[in-house]
Amino acid sequence: MESTVKSNLKTEEYFINMGPQHPATHGVLRLILTIDGEIIKNVEPDLGYIHRSIEKMCERDSYQQIVHLTDRMDYLSSHINNEAVCLVVEKALEIEVSDRVKVIRTIIAELTRLASHQLWWGVLGMDIGALTTYFYAFRDREMINDIFEETCGARLTMNYNLPGGLMFDIHPNFVKRTKEFIAHFKTKIPEYDKLLSGNVIFQKRTKGIGILSQEDAISFGATGPVARGSGVSSDIRKIHTYSAYDKVNFNEALSTEGDCFARYSVRIQEMWESLSIIEQLIDNIPEGDIQTPTKAVIKLPKGEYYQRVETARGELGVYVNSTGTKNPYRVKFRSPGLSNLSVINSLAKGSKIGDLVAIMSTIDIVVPDIDR
Amino acid sequence: MSYFSDIYNGIKTLLTGMSVTGHYFVRARKGAITQQYPDNRDTLKMFDRFRGEVIMPHDEVNEHRCTGCQKCEIACPNGSIEIIWDRGIDEVTGKKKKKIDKHIYHLAMCTMCGLCIEACPTDAIVWAQNYENSVYDRTQLTKVLNQPGSKVKAGIED
Amino acid sequence: MSIPLSITKTIHDWLFSIMPESAASITEMVLIATAYLILFAVAGLYLVYLERKVAAWFQLRLGPNRVGPLGLFQTMADALKLVSKELTSTDRIDKLLYNLAPYFVIITSLTALAVFPFSKQFQAFDINIGMFFLIAVSSIGVIGILLGGWSSNNKYALIGAMRSGVQTISYELSVGLSILTMVLLTGSLQLSEIIEIQRTGGWLILQGHVPAIIAFMIFMIAGTAETNRAPFDLVEAESELGAGFHTEYSGMKFAYFFLAEFINMLIIASIAVVLFFGGWLSPFGITEGITWFPEVLWFFIKVLIIILLMMWFRWTFPRLRVDQLLTLEWKYLLPINLVNIVFMAIIIWLNWTI
Amino acid sequence: MTNKEIQNIVSTWSDKLEFSEEESEFLNVIVPQEEVHSICSQLKAHADLKFDYLFCVTGMDWGKELGVIYHLESTTFRHNIVVKVKTEDRENPSWDSVSDIWYTAEYHEMEVYDFFGIKFNNHPNLKRLFLPPEWQGFPLRKDYVDEENMIIK
């Protein structure tokens, strides 16, 4: 929306660093904004502040060790990242994992997705200005962290997956705690809606802001809630089903406007879907052994393998090229964050600084996932 | 006339928002979730699978189960375990056998991934549940897991 | 409330006895000024404490409870910390304006306090254009913010300052107009006069019934915007500009900005109490007869209720964007205000007031 | 559409293409350097193929040759294809960028340039994405040596 007023006063654009240390960029992401007064002319991300060259490390690690590295990529969906690498190795070795492992992996993946969306909701509220949403979201997220801590021993980066199964079985009162959580959280999402989604100031701050068209979403490679906000059905759990997603019926959260509010309502809808998936699985976890025995030193047969998984932020792809030795020849992680971030320039052009903050929180940026 | 209806439901949504926070304000007494950490130190107990720190349990006769087979050192992704072993004569069979001298564990580099415990054939190392691992000097984080003067429990084969 | 009367009387006579006329009145004014300064600095501190406690109760937290019983000395400790902090600043600041800005803000907010009738005798400065003086003084505060933002040579501070300039000027309008609607009812600008009228006819918000309630709502919205708080806190929007115009200030200069914000909140609340809820008058005259009951208590109870409402706004609503803030003012508040004044005038003309 | 049909369509466009399917679960097409842009734009534009979603761009060092692997998928037919481009010369390998066909390629090609040193002609803003601009060498190449921070276990 170019300013219609023909102003002959000499306005000069200047640069602002929404720099590595900035409350709205969650993590060390630097955006170089060219600004004319309050209107943003161009956004150029400067990446690499938290680049640890995970792909180079993978080339010297064994496959179990690669699984542990993916914890630190998108730390909010660390379990789903681990699952991706384990699935690649199991596909290459043609190991068939027992149903019990598949169901447990899916339940914990959905709990991770819920925890990630809760943190996203709390921090989105804080970015837009309502500081109390942060505490309500973290109160609910604390329950999920306790479930993980009890079963896997760690709250966030819980290296619970192994190629061929899980490290150890679920804790006896895992089922009880998850049911308690589901009952508690079902009463809380309507409260989230009342507090933020219904709020007229919030709707004014997000409706019609940062509109991403369907073709742009596909062409920019945006995946996950960012793409589904513009109507692109890209849910890998539905298209290329893996582990126990074929046993549950859930529908894909889609909306069509493609603005910030659409991405917001897609994620809220996804929270409901995750709750219903867990509910369908939690009562009938089949019996079975936790680990199918694999050789201590895993050697993948020669060839290229690709596995796609739906993390909380979008589609994570793991490409492994193995030449038969114990470490892979080349590993590439297709991170959802990088493609989702590439959308930001076309969305934020011509909007204000307040909108840029809203756009960035609805894209849900996690910088270690972008920099790898 | 969307002007007035716009104002009306604007105010209505604002009031519903306020009702949520008001609901919590009124029940402030019992709703607080703050953990007063230094005060609740004695009642605070971690879950039994909590990954605090890797330790090597010794029984009352100061014996542990580590045979020095270095499987954990190979499994560790970031080299935070170093095994110093030396040759020793096995009393029963009388031939040379690998004996553990020092099992060095760098807590500073450990990422709590649990691969070493998974790889250990004789379950010699387990997780401890302590969560207060901060120290004033980095060298204190390099620990020797097997206590001085301890030896392998008889009958442990790798 | 006769005890303080006698104290001020005795001091007054003693001063006039030992000094010539002019010197005595000047020292008396200086004495009253220092008393007000100390009283309202401490009141500001405890408002900060109240804000942190109320925020904690909204957010499932406990709030400060470590320094002193129930954490009462927490803000005192903060003030001491700020006093002892080093006054750092960036190198290429505009020295004069940089140091002048905090004084602008703190002086305007303290002078505005002089006019309020906290109780019958407890009023420093009862001039017959009380309301007009209040509006005039509270609009000088924004110059301090603009100076602070411009002189600290930091792009974020500059944007914050420009936003606050735009915001305060446009919301000055609806504060003035909503006060105008109420002054139509009372007919006088003198604050103690306004309270006298409310003694007999009941509170102004009841006398003016519908237009008064609308004026009260507009005044509350514009008042929160005036003090850069709650949904309008674009000036120091943490997630966009960091700390806005006072990013480069530290130590005592930052304390002035911080304290001024809370005293402004006190001013807006006390204007609302005087204008709408009958100042220090007890509701429905229940404590009219009892002489020993301090009317100041009623004044502060009502002020606290209004401040609680403003805090409730702050911890529930997200922030507005700059252009939405202005459309809210120019397209919604202003037209309603003007219609409201005409509506009030008609009611007074047909004297339908209660 | 099955791999066979895709292969028949694509093989009609140019005769210098090689198809292979072993060692990978998708149909692989090895495209010479100069035809990258034309083949890719046809892949996207063709009515029965419509490969409009480039989901992964992987830089690759096969020991002697450097190259890039483009994983493509069609959001309408949900079929996949893998386009591989190889080059012998390791000094300054370069070919046409596909960022005008798929916008996502802009960032991914910057990353490939950053780690493998493959230049892409008429790329809008080809610079190092993650590493600081004055970094020497291309880390993910097999012949990259860096004494101090590469600990060979």
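Student: Which residue is the bridge partner of Glu82(B) in strand 4 of chain B?
Tutor: This is a predicted model, in which local features need pLDDT of at least 70 and side-chain atom pairs count only at pLDDT 80 or more, while totals for chains, interfaces and linings use all residues. Residues are numbered from 1 along each chain as its sequence is written, with chains lettered from A and ligands numbered from 1 in the order in which they are written. Helices (H or I, at least four residues) and strands (E, at least two) are DSSP runs, numbered from the N terminus. Across from Glu82(B), in strand 4 of chain B, the bridge partner is Ile104(B).

Student: How many bridges pair strand 3 of chain B with strand 4 of chain B?
Tutor: Two strands count as paired if DSSP finds at least two bridges between them. Strand 4 of chain B covers residues 96-106, and its pairing with strand 3 of chain B is antiparallel. The number of bridges is nine.

Student: Which strands stand at the edges of the open sheet 3-4-6 in chain B?
Tutor: Three strands form this antiparallel sheet, in the order 3-4-6. An edge strand has a single partner strand, so one side of it is left without a neighbour in the sheet. In chain B those strands are strand 3 (81-89) and strand 6 (142-144).

Student: What separates the centres of domain 1 and domain 2 of chain B?
Tutor: Domain bounds come from an automatic or database domain assignment. Here chain B is divided into domain 1 (2-33) and domain 2 (53-152). Taken over C-alpha atoms, the separation of the two centres is 57 Å.

Student: Let's move to chain A. Which residue of strand 7 is the bridge partner of Gly303(A)?
Tutor: Chain A has an open antiparallel sheet of three strands in the order 6-7-8. Within this sheet, eight bridges join strand 6 to strand 7 (residues 315-322). The partner of Gly303(A) is Ser322(A).

Student: What angle does helix 3 of chain A make with strand 6 of chain A?
Tutor: Axes are lines fitted to C-alpha atoms, for helices over the stretch in contact, and angles run from 0 to 180 degrees between N-to-C directions. Helix 3 (residues 78-93) packs on the sheet, touching strand 6 and strand 7 of chain A. Its direction makes with that of strand 6 an angle of about 145°.

Student: What is the radius of gyration of chain A?
Tutor: Chain A holds 15 helices and eight strands. The radius of gyration is taken over C-alpha atoms, and the globule rule is 2.2 Å times the number of residues to the power 0.38. That rule gives 21 Å for 372 residues and the chain's own value is close to it, so chain A is as compact as a globular protein of that length. The radius of gyration is 21 Å.

Student: Which two chains share the most contacts among the five pairs that touch?
Tutor: Two residues are in contact if their C-beta atoms, placed from the backbone, lie within 7 Å. Chain C and chain D have no contact, with their closest C-alpha atoms 25 Å apart. The pair with the most contacts is chains A and D.

Student: Is Thr291(C) buried or exposed?
Tutor: Thr291(C) lies in the loop between helix 12 (251-276) and helix 13 (295-314) of chain C. A residue is buried if 20 or more other C-beta atoms, placed from the backbone, lie within 10 Å of its own, exposed if 12 or fewer, and partly exposed in between. Thr291(C) has 8 C-beta neighbours inside 10 Å, so it counts as exposed.
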